[in-house]
Structures are given as C-alpha cells and as structure tokens.
Amino acid sequence: MAVNKVYPDARAALDGVLRDGMTIMAGGFGLCGIPEKLIDALVESGVKDLTVISNNCGIDGVGLGKLLDRGQIRKMISSYVGENKLFAEQYLSGKLELEFNPQGTLAERIRAGGAGIPAFFTKTGVGTLVAEGKDLCEFDGEIYVMERALKADLAIIKAQIGDTEGNLIFSKTARNFNPEMATAAEVTVAEVEELVDVGGIDPDAIHTPGIFVSRIIHGTSYEKRIERVTTRPRAA
C-alpha cells in the first residue's frame, strides 16, 4: 500500500515524533541549508532537554538559536559555535553541555551512523583535548583516535527540490550535512522549496533517495539571510 509522505506543514510533519530528551540532527552550515520551518515547529512544540547534532547552532535568534533562546537544548554536538553569543553564555554558565568535534570528524561520525559503521579511526585530534578519554590505536607506525558513529531519533533537513516520494535535490553548498543526516536517523523529515510529482526529478540528479525520507513538507517564504556581510569599495 502506498504511503503518503507529504504533510501540510511543519507542525503536522512532526506530530507524533517529538518527545522530551530526544536526539535530533539538524542540517545546515551557518544559515545555509537549515530546515527553518521545521525548527520553528520544534520551538512551538515546547519539546525540551534535546541533544542536537548540528555543525553549529545558528545565530542569535535565528535557526537553532531560537531553541537556545527558550532553553530547549540540553546538549549540542557541534563543530563551530562562534556566531552565537547566547551559545557561549549558556556553555560557560553550565546551562548547556557541549561535545566539540573537528568538522570533518563530525561529518564522518554522521556518515558512519547512516552506513552502519559503529566506529572509525582518524589522526585528527590525536595529542589534543579531542582525544582525551578515547581509545587510541597504532596503524603503520602512526597513532589514531577512535571516534564513535552518531545516530539520532530524528533528522530535520532542507532541500531545494523534492518529489512526493521524498527523493531530494540540494542546491550547491546548501547540501552540506543534509544528505548524511537523512541516512542516520530513525525518522527523517525534509522541507523543500519546490515540491514536484514523482517523475519530476531526473533519477540521475537525485542526491538523497526517498527511501531515507519519512515525511516531507513544502516550505514557502524563505528569507536568504547572510550571517556576516563582507564588502569592498567598488573599483573606480
């Protein structure tokens, strides 16, 4: 029997999925490729004590920063937090737990979770705080640190185009962590800027197959924000 994956809005798409204390992967890099409609629905739901796996935590008052504002996040597993002052304040005051990862390690931990690989070894972080408390192993005369895979109860991701079966296409750098996160969660909910019927996407162009996507929504009215505007004087 065919399953209807299309939901009318973000709130409906998350209905019956959320619970306090769950682990959520959220796609995006800075404000690029973030599932902002789904994040807003998380805020409205009031779900709390969340562990959130994301490259960063948005900026103050935008993206995942909205969840920080309301104290809904207990722990972040991230790579970069430099654009969010509230993040730093909550961490330094002990209100927020933080598990820092080198960016490539974070990406590989997520990919490994989706691929069914429980752990892997990398040289990144050896001899630093990153390796403290972790298993070390020697390969060909070099020391490597073992990193555990990451999985989540829910992944919320953002794509440019999706079809009603959940096949997705991402736009350029907005792809970032989204495809890997789609594979590494029990339930994946995608929001897309354009929703087409099955057959509306060239099969060779698909980045994430619909088999990984449980639910999908068509988002509208996106604002293309820039985290930090950098300009130079116009040439004479």
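This report walks through selected features of a predicted model.

## Helix H2 and its cover

Helix H2 spans residues 36-45. Its buried residues are Glu36, Leu38, Ile39, Ala41, Leu42 and Val43. Several elements help to cover them. Among the helices are H1 (10-14) and H3 (65-69). Among the strands are S1 (23-26), S8 (152-163), S10 (185-196) and S11 (215-218).

Gly46 follows H2. The phi of Gly46 is positive, near 80 degrees.

## Thr23 in strand S1

Strand S1, one of the elements covering H2, holds Thr23. Is Thr23 buried or exposed? Thr23 has a relative accessible area of 19%, and the cut-off for buried is under 20%. Thr23 is therefore buried.

Contacts of Thr23 reach beyond its neighbours within four places in sequence. Thr23 is in contact with Thr51 and Ile53. It also contacts Lys151, Ala152, Asp153 and Leu154.

## An aromatic cluster

The structure holds 2 aromatic pairs. One joins Phe121 and Phe139, with ring centres 5.2 Å apart. Why is this pair edge-to-face? The planes of the two rings stand at 65 degrees, and an angle over 60 counts as edge-to-face, so the pair falls in that class.

The pair links distant parts of the chain. Phe121 sits in strand S5 (residues 119-122) and Phe139 in strand S6 (residues 136-139). The two are 18 residues apart. Phe121 is partly exposed, with a relative accessible area of 35%. Phe139 is also partly exposed, at 35%.

Phe139 also pairs with Tyr144. Here the ring centres are 5.5 Å apart. The planes meet at 80 degrees, so this pair is edge-to-face too. Phe121, Phe139 and Tyr144 form one aromatic cluster.

## Lysines over Tyr222

Which residues lie over the face of Tyr222? Lys37 is one of them, at 4.9 Å from the ring centre. Lys158 is another, at 4.0 Å from the ring centre. Lys37 falls within the range of helix H2 (residues 36-45). Lys158 falls within the range of strand S8 (152-163).

## The cavity

How many cavities of 30 Å³ or more does a search of the whole structure find? It finds 1. The largest cavity has a volume of about 60 Å³.

The lining includes Ala26, Gly27, Gly28, Phe29, Gly30 and Ile34. Ile39 lines the cavity too, and Ile39 is one of the buried residues of H2. Ser54, Asn56, Gly58, Gly63 and Leu64 also belong to the lining. By class, the lining has 5 nonpolar and 7 polar residues. It has no charged residues.

## The largest pocket

The largest pocket has a volume of about 280 Å³. It is lined by 17 residues. The closest to its centre are Leu31, Gly33, Lys158, Glu193 and Lys224. Lys158 is the residue that also lies over the face of Tyr222.

Strand S8 gives the largest share of the lining, 3 residues. By class, the lining has 7 nonpolar, 3 polar and 7 charged residues.

## Two positive phi values

Most residues other than glycine have a negative phi. Two residues here have a positive one. Lys172 has a phi of about 50 degrees, although it is not a glycine. Lys172 lies in the loop between strand S9 (168-169) and helix H6 (178-183). At 72% relative accessibility, Lys172 counts as exposed.

Ser221 has a positive phi near 55 degrees, and it too is not a glycine. Where does Ser221 lie? It lies in the segment after S11. Ser221 is exposed, with a relative accessible area of 69%.

## Arg225, after S11

Arg225 is also found in the segment after S11. At 37% relative accessibility, Arg225 counts as partly exposed. What does Arg225 touch, not counting residues up to four places away in sequence? It touches Leu31, Glu36 and Val62. Leu31 is one of the residues closest to the centre of the largest pocket. Glu36 is one of the buried residues of H2.

Arg225 and Tyr91 are 134 residues apart in sequence. In space they are 26 Å apart, C-alpha to C-alpha.

Conventions
Residues are numbered from 1 along each chain as its sequence is written. This is a predicted model: local features need pLDDT of at least 70, side-chain atom pairs count only at pLDDT 80 or more; totals for chains, interfaces and linings use all residues. Side-chain values use heavy atoms; hydrogens and water are left out. Buried means under 20% relative accessible area, exposed over 50%, partly exposed in between (1.4 Å probe, protein chains only). Helices (H or I, at least four residues) and strands (E, at least two) are DSSP runs, numbered from the N terminus. Contact means heavy atoms within 4.5 Å. Rings of Phe, Tyr and Trp (its six-membered ring) pair if their centres lie within 6.5 Å; planes under 30 degrees apart count as stacked, over 60 as edge-to-face and the rest as tilted. A charge sits over a ring if NZ of Lys or CZ of Arg is within 6 Å of the ring centre and within 35 degrees of the ring normal. On a 1 Å grid over the protein atoms alone, a cavity is a set of points where a 1.4 Å probe fits but cannot get out, and a pocket is an open set with protein on both sides within 12 Å along at least five of seven lines; lining residues have an atom within 4 Å of a point. Grid points are joined across faces, edges and corners, and a volume is the space filled by probe spheres set on the points. Ala, Val, Leu, Ile, Met, Phe, Trp, Tyr, Cys and Pro count as nonpolar, Asp, Glu, Lys and Arg as charged, and the others, Gly among them, as polar.
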